[in-house]
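The report below describes one protein chain, element by element. Sequence and coordinates come before the text.

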Amino acid sequence: MWDLVTRLGGQARVLVGMSGASVIGWDMTAALAMGRALGISEWVVAEVLPAIEAAMVRQLNKKDG
């Protein structure tokens with residue numbers, strides 16, 4: 001699973017606005033396809049990846065201050 005997470009860097013969804021850019025998540029269609037190609041059960045990806053995604057989004061969007 002960690003192998004999949006490390007490969008998803010190019011699959012980030014970004015929202016760009018007047019105040020800057022914010023990461024809003026991963027392209028889950030691509031994540032499921034990549035997981036399938038890596039031999040990871042789609043069920044496992046669907047169960048585990050959203051929690052990892054939420055933590056990633058929180059960390060990347062933290063504001064200094």
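A two-residue hairpin connects strand 1 to strand 2. These strands, residues 12-17 and residues 20-26, pair in the antiparallel sense over six bridges; two strands count as paired if DSSP finds at least two bridges between them. Within the pairing, V14 stands opposite V23 of strand 2. The model is a predicted one: local features need pLDDT of at least 70, side-chain atom pairs count only at pLDDT 80 or more, and totals for chains, interfaces and linings use all residues. Residues are numbered from 1 along each chain as its sequence is written, and side-chain values use heavy atoms, with hydrogens and water left out.

**Overall layout**

The protein contains three helices and two strands, in the sequence pattern α-β-β-α-α. Helices (H or I, at least four residues) and strands (E, at least two) are DSSP runs, numbered from the N terminus. Along the principal axes, the C-alpha atoms fill a box of roughly 40 × 20 × 15 Å. Of the 65 residues, 25% are buried; buried means under 20% relative accessible area, exposed over 50%, and partly exposed in between (1.4 Å probe, protein chains only). Taking contacts between residues at least 6 apart in sequence, 50% join residues at least 24 apart, where contact means heavy atoms within 4.5 Å.

**Helix 2**

Helix 2 spans residues 28-37, and its buried residues include A30, A31 and G35. The three cover an arc of only 135° around the axis, which puts them on the same side of helix 2; the arc is that of the directions from the helix axis to the C-beta atoms. The buried residues of this helix pack against helix 1 (2-7) and helix 3. On the face turned away from the buried side are the exposed residues T29 and A37.

Both ends of helix 2 can be described. At the N-terminal end, D27 acts as a cap, with a side-chain oxygen 3.1 Å from the backbone nitrogen of T29. For such a polar contact the N or O atoms must be within 3.5 Å; within protein, one must be able to donate a hydrogen and the other to accept it, and residues adjacent in sequence count only if both atoms are side-chain atoms. After the helix comes G39, which has a positive phi near 85°.

**Helix 3**

V45 is located in helix 3 and is buried, with a relative accessible area of 2%. Apart from neighbours within four places in sequence, V45 is in contact with M1, L4, A31, L32, G35, I40 and P50. Two of the residues in that list, A31 and G35, belong to the buried set of helix 2. From V45 to M28 the C-alpha distance is 9.4 Å, at a separation of 17 residues in sequence.

E53 also has its place in helix 3, which covers residues 42-60. Apart from neighbours within four places in sequence, the contacts of E53 are with G25, W26 and M28. E53 is buried but has no salt bridge, and R13, the nearest side chain of opposite charge, is 8.0 Å away. For charge, Lys and Arg count as positive and Asp and Glu as negative, while His and the chain ends are not counted.

**Salt bridges**

How many salt bridges does the structure hold? There are three, a salt bridge being a side-chain nitrogen of Lys or Arg within 4 Å of a carboxyl oxygen of Asp or Glu. The table gives their N to O distances.

| Pair | N to O distance |
|---|---|
| R7 and D3 | 2.9 Å |
| R13 and D27 | 3.0 Å |
| R36 and E42 | 1.9 Å |

R13 and D27 form a salt bridge that links distant parts of the chain: R13 is in strand 1, and D27 is in the loop between strand 2 and helix 2, 14 residues apart. R13 is partly exposed, at 43% relative accessible area, whereas D27 counts as buried at 17%. D27 thus appears twice in this account, in the salt bridge with R13 and as the cap of helix 2.

R7 and D3 both lie in helix 1, four residues apart, about one turn of the helix. R7 is partly exposed, with a relative accessible area of 45%, and D3 is partly exposed with 38%.

In the remaining pair, R36 counts as partly exposed at 47% relative accessibility. Its partner E42 counts as partly exposed at 39%.
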